[in-house]
Amino acid sequence: MTTDRPLSSGRRVAAFIASVGEGNRFTKMELFEAVPGVAQADRRMRDLREMGWQIDNYKINPNLSPDQYLLRKVGIRIDRGERRPATARRGITGAKRRRILERDGRACQVCGIAAGHAFPDEPSRTATLTIGHVIPRERGGSDNDENLRAECQRCNDEARDVTVNPPDPEEVFTAARNVKGGLKKKAELYGWMLAGRRELGDVERIFLDWSKLPIEQRRDVRDRLGLEVVKDSTK
Ligand SMILES: [Zn+2]
């Protein structure tokens, strides 16, 4: 089934970026030269990312300058007529997005990293949060709040990449059944597994509220608590 219709600019962008090759960089200028008339380069990258393309920009990868991109992985080849899945983060409104991020404490529900923090094992890269699906849409997952969670871009990419070395299931089960803190912790862990995300505990919730205070008040609350910690620990 072929068509003589000229490729849409989205598909021409995909064709150009694929031609760059995985592991290589390209600039915004090169993209504009290769695909005359294309607008909103960043928006195009976002569309492709939703189709499994891994394209770093300077926000995720500090080794890049603001006009550079790095193609890490080619996704669905819409330029070759591969079908675009019904992913559509389009269904997730700004308000919903903010609600989910707030609910999840602005931290990745997979690896726990907070927005804007550097990855402990990859300090050159800072976490950007996105909204991911617990059950992927391709497998019938909905856009309802309970199926959504905050995920860092890295975990969100890896979620689609089964080649990332998975842990041993028996080890995970053994660690889970022997978790410290007794039945209460075990039940909490089970609850997280059922929900597919971590719920914030009392301590995390208080910390989040604390971190929203202006710096002076933060210092004040911190120091007052500090006094109590010292007092209690010397009793
Ligand atoms: Zn993560």
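This section describes the secondary structure, the zinc site and selected residues of a predicted model.

The chain contains nine helices and seven strands. Of its 235 residues, 32% are buried. Contacts between residues at least 6 apart in sequence were examined for their span along the chain, and 55% of them join residues at least 24 apart.

Three of the strands form an open sheet in the order E1-E3-E2, and the pairing within this sheet is antiparallel. Strand E1 (25–27) and strand E2 (54–56) occupy the edges; each has a single partner strand, so one side of each is left without a neighbour in the sheet. From one strand to the next, the twist averages 30°. The pairing of E1 with strand E3, which spans residues 68–73, is antiparallel and comprises three bridges. Within this pairing, Phe-26 has Tyr-69 of E3 as its bridge partner. In general, the strands of a sheet are joined through hydrogen bonds of the backbone, in either a parallel or an antiparallel sense.

Two helices lie across this sheet. Helix H1, formed by residues 9–20, crosses E1, E2 and E3 and runs at about 135° to E1. Helix H3, formed by residues 41–49, likewise lies across E1, E2 and E3, with an angle of about 145° to E2. The loop between E2 and E3 contains Asn-61. Asn-61 has a relative accessible area of 11% and is therefore buried, the limit being 20%. Apart from its neighbours within four places in sequence, Asn-61 is in contact with Asp-56 and Leu-70. Asp-56 belongs to the range of E2 (54–56), and Leu-70 to that of E3 (residues 68–73).

A second pairing involves strand E6 (residues 129–133) and E7, which run antiparallel and are linked by five bridges. In this pair, His-133 stands opposite Leu-148 of E7. Strand E7 covers residues 148–152, and five of its five residues are buried. The burial extends to both faces of the strand: Leu-148, Ala-150 and Cys-152 are buried on one side, and Arg-149 and Glu-151 on the other. As a general rule, side chains in a regular strand alternate between the two faces of the sheet.

Arg-149, located in E7, has a relative accessibility of 15% and is buried because this value is under 20%. Beyond its neighbours within four places in sequence, the contacts of Arg-149 include Thr-130, Ile-131, Gly-132 and His-133, as well as Ile-100, Arg-103 and Asp-104. Gln-109, Val-110, Val-134, Gly-196 and Arg-197 are also among the residues in contact with Arg-149. The C-alpha atoms of Arg-149 and Arg-103 lie 8.8 Å apart, although the two residues are separated by 46 positions in sequence.

The zinc ion is coordinated by the SG atoms of Cys-108, Cys-111, Cys-152 and Cys-155, at 2.3 to 2.4 Å. Along the chain, these donors follow the spacing C-x2-C-x40-C-x2-C. The angles subtended by the four donor atoms range from 101 to 116°, and the arrangement is therefore tetrahedral. One of the four donor residues, Cys-152, is also part of the buried set on one face of E7.

The accessibility of the coordinating cysteines was examined residue by residue. Cys-152 has a relative accessible area of 0% and is buried. Cys-108, at 1% relative accessibility, is likewise buried, and Cys-155 is buried at 11%. Cys-111, in contrast, reaches 38% and is partly exposed, because this value lies between the limits of 20% and 50%. A search for disulfides across the whole structure returns zero.

Arg-106 lies in the loop between helix H4 (94–103) and strand E4 (118–119). The phi angle of Arg-106 is near 50°, a positive value in a residue other than glycine. Arg-106 has a relative accessible area of 39% and is partly exposed, whereas Arg-149 is buried at 15%.

Conventions:
Residues numbered from 1 in each chain as written. Predicted model: local features only at pLDDT ≥ 70, side-chain atom pairs only at ≥ 80, totals over all residues. Heavy atoms only, no water. Disulfide = S-S within 2.5 Å. Buried < 20%, exposed > 50% of the residue type's maximum accessible area, 1.4 Å probe, protein only. Pairing = 2+ DSSP bridges. Axes fitted to C-alpha atoms, helices over the stretch in contact; angles between N-to-C directions. Contact = heavy atoms within 4.5 Å. Donors = N, O, S within 2.8 Å, 3.2 Å for Na, K, Ca; no water. Tetrahedral: all angles 85-135°; square planar, octahedral: opposite > 155°, others 65-115°.
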